[in-house]
Amino acid sequence: MEGLMSARVASLHTNHIRHYCPSISIFTPQLTKKSYSSFVAMKKDPKSFNSVAASVQPLEASSLGRFNNTLPSKEVLELWRNADAVCFDVDSTVCLDEGIDELAEFCGAGKAVAEWTARAMNGSVPFEEALAARLSLFNPSLSQVQDFLEKRPPRISPDMDELVKKLKANNANVYLISGGFRQMINPVASILGIPPDNIFANQLLFGGSGEFSGFDTSEPTSRSGGKATAVQHIRKAHGYRALVMIGDGATDLEARKPGGADLFICYAGVQLREAVAAKSDWLVFSFRDLMNALE
């Protein structure tokens, strides 16, 4: 995929603990961290969508040597610890997968759509152009989306659920801001206990017979700069003192604009996008590091 370096990990020990929610059940891997620079790339089990396995590969030291932001500054730590709002990207951050890529694969157009996703996430094409192009390659029907959600429940990134609980205990409000679709993000929010009002995402549209008819272009996240717009709206509406954006892509980095996020943390536990990582205030490979910094 263009401009994208696949995540590679140091040796990790993985235990699977079942997380239950009334509408959906998944296995979320709980990982023992070998070092600060270790991070996780997960692979699907083709026989069961409720289990995940860690892809274990050595991380080249030269890859991390190019970054000088893997340890937070005093100012960055202070902002993180005092955040009263934290906004998370969903695909390849809260979840291990790119939702639209998974849906496209389910519908038989995975490779072509994944190529467009790589371009969009690295900022080489306008997001709205990439979104329309990807959907036009497979035109998912309502029944296909429903079948997909039933057969492929979301795979939550390691320690994400614990981090959300920790943030809530610190009286921080948590938001999901995604270029993905509400139909696929609602189950994720349910698992993590995030209210629907705290979701900013796109909406698939269907005709009277369930045929695909496009997406709601009025959603701010349907176009380039949309995540920044959403974050600015959140801040203005609630008057947060310190707001943090966490994600892996160029659209997440955009949220660090005047009136938007005070701090952008690049999460590279699934995908390391070097251009984005280099411009982040803090580059992390494990949500455990963020939890430890709150203590």
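**Exercise 1. Packing of H4 and H7**

Determine how helices H4 and H7 are oriented to each other in this predicted model, and which residues make the contact.

Solution. Begin with the axes: those of helix H4 (residues 99-106) and helix H7 (residues 142-151) come within 10 Å and cross at roughly 105°. Angles of 65 to 115 degrees count as roughly perpendicular, and H4 and H7 are therefore roughly perpendicular to each other. The contact is made, on the side of H4, by Gly99, Glu102, Leu103 and Phe106, and on the side of H7 by Gln144, Val145, Asp147, Phe148 and Lys151. The description rests on these two quantities because a pair of packed helices is described by the angle between the axes and the distance between them.

**Exercise 2. The open sheet and its edges**

Work out the strand order of the six-stranded open sheet, and explain why one side of E8 and one side of E14 have no neighbour in the sheet.

Solution. The order is E8-E7-E6-E11-E12-E14, and the pairing is parallel. E8 and strand E14 (282-284) stand at the edges with a single partner strand each, so one side of each is left without a neighbour in the sheet. From one strand to the next, the twist averages 20°.

The pairings around E7 can then be taken in turn. Strand E6 (residues 85-88) pairs with E7 in the parallel sense over four bridges, and valine 86 has valine 174 of E7 as its bridge partner. Strand E7 (residues 173-181) also pairs in the parallel sense with E8, over three bridges, where isoleucine 177 stands opposite phenylalanine 200 in E8.

**Exercise 3. Cover on E8 and the path from E7**

Decide whether the faces of edge strand E8 are covered or open, and describe the unit that E8 makes with E7 and H9.

Solution. In E8 (residues 199-202), Ile199 and Ala201 on one side and Phe200 and Asn202 on the other are all buried, so that, with buried meaning under 20% relative accessible area, both faces are covered. E7, helix H9 (residues 182-192) and E8 make a right-handed β-α-β unit.

H9 itself is mostly covered, with eight of its 11 residues buried; among them are Met184, Ile185, Val188 and Leu192, together with Arg182 and Gln183. Glycine 193, which follows H9, has a positive phi near 70°. A further helix, H10 (residues 226-238), lies across E6, E7, E8 and strand E11 (243-247), and runs at about 155° to E7.

**Exercise 4. Two residues with positive phi**

For serine 92 and asparagine 171, establish the sign of phi, the place of each in the chain, and whether each is buried or exposed.

Solution. Most residues other than glycine have a negative phi. Serine 92, although not a glycine, has a positive phi of about 65°. Serine 92 lies in helix H3 (residues 90-94), and with a relative accessible area of 1% this serine is buried.

Asparagine 171 is likewise not a glycine and has a positive phi of about 65°. The place of asparagine 171 is the loop between helix H8 (160-169) and E7, and at 67% relative accessibility asparagine 171 counts as exposed.

**Exercise 5. The chain as a whole**

State how many helices and strands the chain has, and what share of its residues is buried.

Solution. The secondary structure comes to 13 helices and 14 strands, and buried residues make up 56% of the 295 residues. Of the contacts with a separation of 6 or more, 66% are between residues 24 or more positions apart. The accessible surface comes to about 12,600 Å², and 50% of that surface belongs to carbon and sulfur atoms.

How values were computed. Residues are numbered from 1 along each chain as its sequence is written. This is a predicted model: local features need pLDDT of at least 70, side-chain atom pairs count only at pLDDT 80 or more; totals for chains, interfaces and linings use all residues. Side-chain values use heavy atoms; hydrogens and water are left out. Buried means under 20% relative accessible area, exposed over 50%, partly exposed in between (1.4 Å probe, protein chains only). Contact means heavy atoms within 4.5 Å. Accessible areas come from the Shrake-Rupley method with a 1.4 Å probe; for residues, only the protein chains shown count as cover. Two strands pair if DSSP finds at least two bridges between them. A crossover is right-handed if, with the strands pointing away from the viewer, the path from the first strand over the helix to the second runs clockwise. Axes are lines fitted to C-alpha atoms, for helices over the stretch in contact, and angles run from 0 to 180 degrees between N-to-C directions. Angles under 35 degrees count as roughly parallel, over 145 as roughly antiparallel, 65 to 115 as roughly perpendicular and the rest as oblique.
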